[in-house]
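Trainee: Got a minute? I'd like to go through the side-chain contacts in this one with you.
Mentor: Sure, pull it up and ask away.

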Amino acid sequence: MTSSVRRRFDRLRRQYAPHEHRPLDGYAATMGAFGVLAGSLTVAAKVTGRTVPERPAVSDVVLISIATHKLSRLIAKDSVTSPLRAPFTRYAEPGGSAEVNEEVRDQGSTIRHSIGELISCPFCLAVWVATGLTSGLVFAPRLTRLAATVFTATAASDFLQMAYSLAKEAAEGGPEEPRPAVNGRAMA
């Protein structure tokens with residue numbers, strides 16, 4: 001970036017969030033990267049003669065939606081995928097069933113910071129994942145549906161595992177709760 005543009009971004013950032021670090025130029029670069037990706041996919045579809053459906057099938061929308069949910073959480077929160085996020089985030093604490101909570105690294109470039117925010121947030125990441133899966137329906141529909149089926153089945157399995165755990169807990173009387181104290185003495 002030229003120094004004039006950088007100065008404008010610095011001034012805008014200070015005006016936007018004077019008491020907090022907000023890497024607006026990193027966000028702009030990330031948005032630009034998404035725009036280039038989406039534009040490139042559009043051009044590739046035109047050049048290769050791929051037809052884009054007038055209206056996506058409801059079954060594809062449901063499949064891609066559930067797969068997007070699962071793949072976004074897998075990338076952003078799963079402990080096994082933490083090496084992918086490690087250059088941009090720092091481990092904070094466990095975050096639930098096989099998930100971790102991480103903090104974005106503020107040191108280094110604003111690009112690094114914005115990527116850290118993107119890849120550690122399943123909500124933020126979902127638009128990228130959905131774009132990839134939806135584009136896959138245009139370029140490789142059979143393979144994309146197969147991959148999306150894996151993630152959709154995994155998401156359904158996750159919910160079933162949680163429901164099973166809750167049902168088991170309820171059937172066994174729930175987790176052992178400490179009994180309240182009366183007059184300073186624990187009740188038996």
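Trainee: Which side chain does D158 meet in a salt bridge?
Mentor: D158 pairs with K70, at 2.4 Å from N to O. Keep in mind that this is a predicted model.

Trainee: Okay, and where do those two sit in the chain?
Mentor: D158 is in helix α7 and K70 in helix α3, so the salt bridge ties together parts that are 88 residues apart in sequence.

Trainee: Is K70 buried or exposed?
Mentor: K70 is buried, with a relative accessible area of 13%. The cut-off for buried is under 20%, so K70 makes it. D158 is partly exposed, at 26%.

Trainee: How many salt bridges turn up in the whole structure?
Mentor: The search finds 5. One of them joins R145 and D60, with 2.8 Å between N and O.

Trainee: Which helices does that one tie together?
Mentor: R145 lies in helix α7, which covers residues 141-171, and D60 in helix α3, residues 58-77. The two are 85 residues apart in sequence, so distant parts get tied together here as well.

Trainee: What about burial for D60?
Mentor: D60 counts as buried, at 12% relative accessibility. Its partner R145 is partly exposed, at 33%.

Trainee: And E99, what does that one bridge to?
Mentor: E99 forms a salt bridge with R73, and their closest N and O atoms are 2.7 Å apart. E99 is in the loop between β1 (89-94) and β2 (100-104), while R73 is in helix α3, 26 residues away along the chain. R73 is partly exposed, with a relative accessible area of 24%.

Trainee: Switching topic: how many aromatic pairs are there?
Mentor: The search of the whole structure gives 1. The ring centres of F34 and W128 are 5.1 Å apart.

Trainee: Why is that pair called edge-to-face?
Mentor: Because the ring planes of F34 and W128 stand at 70°, and planes over 60 degrees apart count as edge-to-face. F34 is in helix α2 (residues 24-48) and W128 in helix α6 (residues 122-139), 94 residues apart.

Trainee: How accessible are the two rings' residues, F34 and W128?
Mentor: F34 is partly exposed at 22%, and W128 is partly exposed at 22% too.

Trainee: Last one: which residues form the positive surface patch?
Mentor: That patch is made of R7, R8, R11 and R14. R11 sits in helix α1, residues 3-16, and is partly exposed, with a relative accessible area of 43%.

Technical notes: Residues numbered from 1 in each chain as written. Predicted model: local features only at pLDDT ≥ 70, side-chain atom pairs only at ≥ 80, totals over all residues. Heavy atoms only, no water. Patch = residues over 30% accessible without salt bridge, like charges linked within 9 Å, V, L, I, M, F, W, Y side chains within 5 Å. Areas by Shrake-Rupley, 256 points an atom, 1.4 Å probe, with all protein chains shown as cover. Salt bridge = Lys/Arg side-chain N within 4 Å of Asp/Glu carboxyl O. Lys, Arg positive; Asp, Glu negative; His and termini not counted. Charge placed at Lys NZ, Arg CZ, Asp CG, Glu CD. Helix = DSSP H or I, 4+ residues; strand = E, 2+ residues; numbered from the N terminus. Buried < 20%, exposed > 50% of the residue type's maximum accessible area, 1.4 Å probe, protein only. Phe/Tyr/Trp six-rings, centres within 6.5 Å; stacked < 30°, edge-to-face > 60°.
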